[in-house]
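This report describes the architecture of one protein chain and the setting of its metal site. The sequence and the structure are shown first, and the description follows.

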Amino acid sequence: MKKTKNTIIIAGSCAAESLEQVLLSIEQAKKRKVDFLRVTLWKPRTKPGFEGLGEKGINLLIETAKQGVNPATEVLTAEQAKIVMKKLFSKVPDTKLLLWIGARNQNHFIQREIAKVASSDKRVYLMVKNQPWMNEDHWEGIVQHVLEGGISKDRLILCHRGFAPNGVNPNGYRNIPEYDMSMRIKDKTQLPMIFDPSHSGGSVEKVLQIGKEATKHNFDGFIVEVHHDPKNALTDASQQLTWEQFDELVSV
Ligand code: PEP
Ligand code: MN
């Protein structure tokens, strides 16, 4: 994918791990002019493990913003959204912030509450991923719920991360993309739709493959997991790209 004025590129590690790791990410993000850097503080996991630095990692978002890079993190509750916004903007008022609702967070009440908090500040963008199971109605419903929360359409981004395989999976993807469905949702909602080759592909080889395949569709950008030392990443080690591999996928 080639970065143009209208494409949205979000990149960075699966989880924010330490100051050293985030500083290395910032350095690389700056060279490539990514729109938002993943500095993810809360990580819902399939099975218990490292679940992110949580609130004590907010200083890493602040550091990112101080260096002129817009930070992005998943939030699981409206409280988390509030605390990130309050602490970040009190230190760096002129940054943008991307918050997102992940695939596993399918409580519509919480989705609306997060959207309501995000809608209260024009510096905040909200991204919403599709749910893990394949169902077009449910996906449309998520979008309707967050709009009910009051988020303005010009600060809302949708993201397709594929659907969990249900038995049949000849390509071995971690989550199987439904390109046509994602394009229908994009058309119906008139919202930007970006693609997540990382959680869809699940391994470096497949991330690169699926990322190239996805460029045949009308996506408005990518969110990609990139780590300076993927093998030693604390989460999703098998699918994180090096920055050189990221450059194969996205030219910025
Ligand atoms: C993520 O993007 O960090 C993530 C956990 O992905 P998903 O919510 O799509 O599983
Ligand atoms: Mn991940």
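The chain contains nine helices and eight strands. The model is a predicted one.

**Overall form**

For a chain of 252 residues, a compact globule would have a radius of gyration near 18 Å, and the value of 17 Å found for this chain agrees with that. Along the principal axes, the C-alpha atoms occupy a box of roughly 45 × 40 × 40 Å. Of the 252 residues, 55% are buried. Among contacts with a separation of 6 or more, 76% join residues that are 24 or more positions apart. The accessible surface amounts to about 11,000 Å², and carbon and sulfur atoms contribute 49% of it.

**The manganese site**

The manganese ion (ligand 2) has as its protein donors C14 (SG), H199 (NE2), E225 (OE) and D236 (OD), at 2.0 to 2.4 Å. Along the chain these donors follow the spacing C-x184-H-x25-E-x10-D. H199 belongs to helix α7 (residues 197-201) and E225 to strand β8 (residues 221-225), so this pair ties together parts that are 26 residues apart in sequence. H199 and E225 are both buried. D236, by contrast, is a loop residue, placed between β8 and α9; its phi is positive, about 45°, although D236 is not a glycine.

The loop between β8 and α9 (243-249) also holds Q240. Is Q240 buried or exposed? With a relative accessible area of 1%, Q240 is buried. Its side chain reaches the backbone nitrogen of C14 at 3.0 Å and the backbone oxygen of T235 at 2.8 Å. Leaving aside neighbours within four places in sequence, the residues in contact with Q240 include the metal donors C14 and E225, and further contacts include G12, S13, V204, H227 and Q245.

**Nonpolar cores**

In soluble globular proteins, nonpolar side chains tend to be buried together. The largest nonpolar core here has 66 residues, and L97, L99, L126, F222 and F246 touch the most other members. Helix α3 (residues 78-91) gives the most to this core, namely six residues. A separate core of eleven residues lies apart from it, with I10, A72, I194 and I223 among its members. F246, in the larger core, is in contact with I9, A11, R32, V34, V224, V226 and L241, when neighbours within four places in sequence are left aside.

**Two helices and their cover**

In α2 (58-66), the buried residues are I58, L60, L61, I62, T64 and A65. Their cover includes α1 (19-32), β2 (36-38), β3, α3 and β4 (97-101). After α2 comes G68, with a positive phi near 85°.

In helix α6 (residues 179-189), the buried residues are Y179, M181, S182, M183, I185, K186 and T189. These are covered by elements that include α5 (136-148), β6 (156-160), β7 (193-195) and α8 (204-214). Q190 follows α6 and has a positive phi near 55°.

**The loop residue N70**

N70 is placed in the loop between α2 and β3 (71-74). Which residues does N70 touch, not counting those up to four places away in sequence? They are D35, F36, L37, T95 and K96. The C-alpha atoms of N70 and T95 are 6.1 Å apart, while the two residues are 25 apart in sequence. The side chains of N70 and T95 make a polar contact at 3.5 Å. A polar atom of the N70 side chain also lies 3.1 Å from the backbone oxygen of D35.

**Positive phi values**

K33 is found in the loop between α1 and β2 and counts as exposed, at 66% relative accessibility. Its phi is listed below with those of other residues.

| Residue | Phi |
|---|---|
| K33 | near 50° |
| G68 | near 85° |
| Q190 | near 55° |
| D236 | about 45° |

K33 is a residue other than glycine, and D236 is likewise not a glycine. D236 is, in addition, a donor of the manganese ion through OD.

Conventions: Residues numbered from 1 in each chain as written. Chains lettered and ligands numbered in written order. Predicted model: local features only at pLDDT ≥ 70, side-chain atom pairs only at ≥ 80, totals over all residues. Heavy atoms only, no water. Donors = N, O, S within 2.8 Å, 3.2 Å for Na, K, Ca; no water. Helix = DSSP H or I, 4+ residues; strand = E, 2+ residues; numbered from the N terminus. Buried < 20%, exposed > 50% of the residue type's maximum accessible area, 1.4 Å probe, protein only. Core = buried A, V, L, I, M, F, W, Y, C linked by side-chain atoms within 4.5 Å. Contact = heavy atoms within 4.5 Å. Polar contact = N/O pair within 3.5 Å; in protein donor to acceptor, adjacent residues only side chain to side chain. Rg over C-alpha atoms; globule rule 2.2 N^0.38 Å. Areas by Shrake-Rupley, 256 points an atom, 1.4 Å probe, with all protein chains shown as cover.
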